[in-house]
Amino acid sequence: MTGLLPGLVYIFLFPGFVFLVMYALFFEFIDRKITARMQNRVGPPFVQPFADFIKMLGKEVIDVEGVDRKVFDAAPVVALAAVMTAFLYIPVFMSSPFGFQGDLILVLYLLTIPTVILFLLGWMSRNIFSSIGGIRVITQMFIYEVPFFLALLTPALMAGTWSISEIVQWQQQNLWLMFLQPIGFIVALIGLQAKLERPPFDIPEAETEIVAGPWTELTGRRLALMHLVKDVSLVTGSALVAALFLGGPVLPWVITPFWLGMIAGFGLFVVKTLAVLLVLSSIKVATGRIRIDQLNTIGWKYIASAALFQVAIVLIINYRWVSP
Amino acid sequence: MSVLVEMFRNLLTMPSTILYPGERVPIPDKFRGRIAVSDEICIGCSKCSLVCSVQCISMVDSPREIRFKDKILLRKKKPAVKLFKCIRCGLCERHCPTGAIYLKNELSDSGTDKEVIAA
Amino acid sequence: MPEVTVPIGPHHPALKEPVNFKVIADGEKIVRLELDLSYSHRGIEKAAEQRDFIRVLPLLERVCGICSHSHSTVFVKGIEEIMQVEIPPRAQYIRTIIAELERMHSHLLWLGVAAHEIGFNTLFMWTWRDRELVQDTLEEMSGNRVHYGMNEVGGVRCDLAPHQVSAALERLPFLEERIHQYTDMVNDQQTMLLRFKGVGKLSREEVLNYGAVGPTARASGVDYDVRRDDPYLAYADVPWNVVTDTNGDVYGRTCVRIGELHESVNIVRYCLENIPEGPVRINAPKIAPDGEIMSRYEAPRGELVHFIRTNGTNKVERIDIRTPTLANWTSVAMCLVNKNLADIPVIVAAIDPCLSCTSRITLINTPGGKPGIITFDELRKRRQISDKGRGLP
Ligand code: SF4
Ligand code: SF4
């Protein structure tokens, strides 16, 4: 894809901004519906997330006394920009046109920004619940980030490349990395769940303990944007896991007309991200919230060691069989 | 494990929610609903207004001849119940000698009008 | 991190009723806490003194929305004892059935709330779904889901029809199966075990010291249940066991409550199958002689006590309601110190607090910051002044 126009279309229309927002809200709908049905409830109607988003955009924005308004307004936008940029590097219907050697690192880095922003929002809110929530956000980040990164870097080690698109191509020729690195896959899913602050890792926004944590003072469009950030992170994270472990949007064989391959790839993308979402939602439904000190123990003792173990295995395999 | 089993079983079955205006729960016979007075048999003894726990029954003038135990009585008053105040405790129904005041087996709210009177 | 004051309540998502904890926390650790209970004083004792024995029962039922039958039963039980009337056995059985169904719906509710406090909303949805079955049974039997209005001095207000008995019996096996499932869930759901085990631990000595009652006490191995130790209603005839546990933590309290659910199902089944024939009420006198009585009852949350003094009229001279929540508060305040901030909702929920039932006094901070008691007239005057200040009529 060369030239300015296709690039702009990719960024703004499909699969960039417009598609991404729609798909993120659709994802939220699916997530809520699955959760509801598993809990034997009816769940929201299809338009609910869209309606919520639009409604919240129109609500009054309440400023907290003594808080810098401009920073408070800008923070959600920055977070949204970061996750949306991250999505551009993830293959949707074919290799990302912006992909380069090392874009995996960039995506991981961009995915961390919303967490930091959330911490800042909590800290700036001058509210005891928000501050505690902000501290919990950052504590939790230090716990899950290491195993999450390790787990997502193992595919790169195995495929011998730092580009997501190339890892996808490697899987096209070999096997899905989910089967080659089951431990890494599980750790990545757990890490993703922790990154998205969904149960059992919704410690920073534990409703019954600290009201809504960093979200407490967010109102109106700030809240709408932060919700959108969360949904987009959900899409981006699922797509990333799908690309790295589930073979991404490519079939193992080549489909002759180019456009048919693109459609098939997009279909695969939808199916695989929804599959990841189903797993994430099941975890959300099946667990309660753990405590931050328990997360500390579990995270460093088990999850991090599992990730390290996976890295070690990959290194050994690489040493013995792949590189001569 | 039992949580997972239940989760996926629920995913395959229909939700147990009752979508209210469309579907309705069956109302049992004894249900204590909206209050009603049958004018033809009330003998105006005021017992209901005495036992009412929130004192929402007042006796209003309503002279009328009533057959009670094969006798013709002339009653002077009959109860008027402020629906908004009634808590549907059923005490009036329990203590009425003729069964003239009773709670209907019908799910209906008292509304927002404070002055509605059942008689 | 320096110490911070985290105000929990009176309005807080974790609390369904108003209470205020001023938690002084060091990071995530609780250093100490101040408790302020009475936010919803309703003057219910005083109001009860104004009403005769017929009209007081609907009021007493509304002391608590969950254990409404407990409050009216304990009261009529006391009054009947003062009047020295013996109510018919069928009435005893019906009261027992309602009481145990009430315990079932209360414990199912609690299980859901406890799960909700640790963010496990799924179990919350499921227990509340199954609780509807119990509520349907109660509605069929009494005419209302919450305020049953079954009791009156001298018996119960309405009889159970045979089809109601069979409908209730039909529901029990399904409920039993569900309760078994909850037992499994509580025992193999890892996050619940993580959050419940070892949290809010109370030793047997501490429980006796702080005077905790009900499932809270029984979870610490205190083998005390009014239903067995001072039998009332039909409990003496029914075969059942007191459920105790030795864990002493929130997990133990969960086990006790689930065990009691099993017991309740069995008691209800036994009572429904063996309900004696006969009248359901006798004509009790309208007036109670001089007397004082301390009436005890095992409500779902623990021992409930009504102190009743009568003076030869058709009203009580004094009634004092000691709810189980009040007895359990001290133990909560004690086991919160040095715990994690995240444990507050769990430990508080573990006693199944019912705060509005507990409020007996209103303390209001005067501008000087001194607590004191004010009269109703003064309260009204202040209200008028503040309304005028805000331009209200
Ligand atoms: S049902 Fe209503 S009208 Fe009848 S006694 Fe109760 S409150 Fe009064
Ligand atoms: S409704 Fe019944 S209790 Fe009331 S006045 Fe009429 S007859 Fe008497």
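**Calls and their grounds in a predicted model**

Colleague: Why does Arg198(A) count as buried?

Modeller: Its relative accessibility is 8%, and buried means under 20%, so Arg198(A) counts as buried. The model is a predicted one, and the value is computed from it.

Colleague: Where is Arg198(A) found, and which residues is it in contact with?

Modeller: Arg198(A) sits in the loop that runs between α9 (182-195) and α10 (207-210) of chain A. With neighbours within four places in sequence set aside, its contacts are Asp31(A), Gln193(A), Leu234(A), Leu280(A), Ser281(A) and Lys284(A). A contact here is a pair of heavy atoms within 4.5 Å.

Colleague: What makes the peptide bond from Pro199(A) to Pro200(A) notable?

Modeller: That bond is cis, its omega being near 5°. Pro200(A) also belongs to the loop between α9 and α10 of chain A.

Colleague: Turning to chain C, why is strand β2 (residues 20-26) described as largely enclosed by the rest of the structure?

Modeller: Five of its seven residues are buried, so β2(C) is largely enclosed by the rest of the structure.

Colleague: How do you know that β2(C) and strand β1 (residues 3-8) of chain C pair?

Modeller: Pairing needs at least two bridges, and β1(C) and β2(C) have six, in the antiparallel sense. Since six meets that cut-off, they count as paired. One of the bridges puts Thr5(C) opposite Ile24(C) in β2(C).

Colleague: And what joins β2(C) to strand β3 (residues 29-36) of chain C?

Modeller: Seven bridges, again antiparallel, so the cut-off of at least two is met there too. Ala25(C) has Ile30(C) of β3(C) as its bridge partner. β2(C) and β3(C) form a hairpin with two residues between them, and Gly27(C) in the turn has a positive phi of about 65°.

Colleague: Why does Ile293(C) count as buried?

Modeller: Its relative accessibility is 13%, and the limit for buried is under 20%, so Ile293(C) counts as buried. It is placed in strand β6 (residues 291-299) of chain C.

Colleague: How far apart are Ile293(C) and Ile82(C) in sequence and in space?

Modeller: They are separated by 211 residues in sequence and by 7.2 Å from C-alpha to C-alpha. Ile82(C) is among the contacts of Ile293(C) outside the four-place window, which also include Gly78(C), Glu81(C) and Phe307(C).

Colleague: In chain B, why does Gln55(B) count as partly exposed?

Modeller: At 48% relative accessibility it falls between the 20% bound for buried and the 50% bound for exposed, so Gln55(B) is partly exposed. Its phi is near 55°, positive although the residue is not glycine. It lies in the loop between α2 and β2 (57-68) of chain B.

Colleague: What is the phi of Ser46(B), and where does Ser46(B) lie?

Modeller: Phi is near 70°, a positive value in a residue other than glycine. The residue lies in the loop between β1 (35-37) and α2 (47-51) of chain B. Ser46(B) is also one of the closest residues around ligand 2, which 14 residues surround.

Colleague: Into which classes do the residues of the shell around ligand 2 divide?

Modeller: Ten are nonpolar, three polar and one charged. Among the closest are Cys42(B), Cys45(B), Cys48(B) and Cys96(B), and Cys counts as nonpolar. The space that ligand 2 takes up is the second largest cavity.

Colleague: How many residues surround ligand 1?

Modeller: There are 13, the closest being Cys52(B), Cys86(B), Cys89(B), Gly90(B) and Cys92(B). The shell around ligand 1 divides into eleven nonpolar residues, one polar and one charged.

Note on methods:
Residues numbered from 1 in each chain as written. Chains lettered and ligands numbered in written order. Predicted model: local features only at pLDDT ≥ 70, side-chain atom pairs only at ≥ 80, totals over all residues. Heavy atoms only, no water. Near = heavy atom within 4 Å. 1 Å grid on protein atoms, 1.4 Å probe; cavity = no way out; pocket = protein on both sides within 12 Å on 5 of 7 lines; lining within 4 Å. Sits in = over half its atoms within 2 Å of the grid points. Buried < 20%, exposed > 50% of the residue type's maximum accessible area, 1.4 Å probe, protein only. Helix = DSSP H or I, 4+ residues; strand = E, 2+ residues; numbered from the N terminus.
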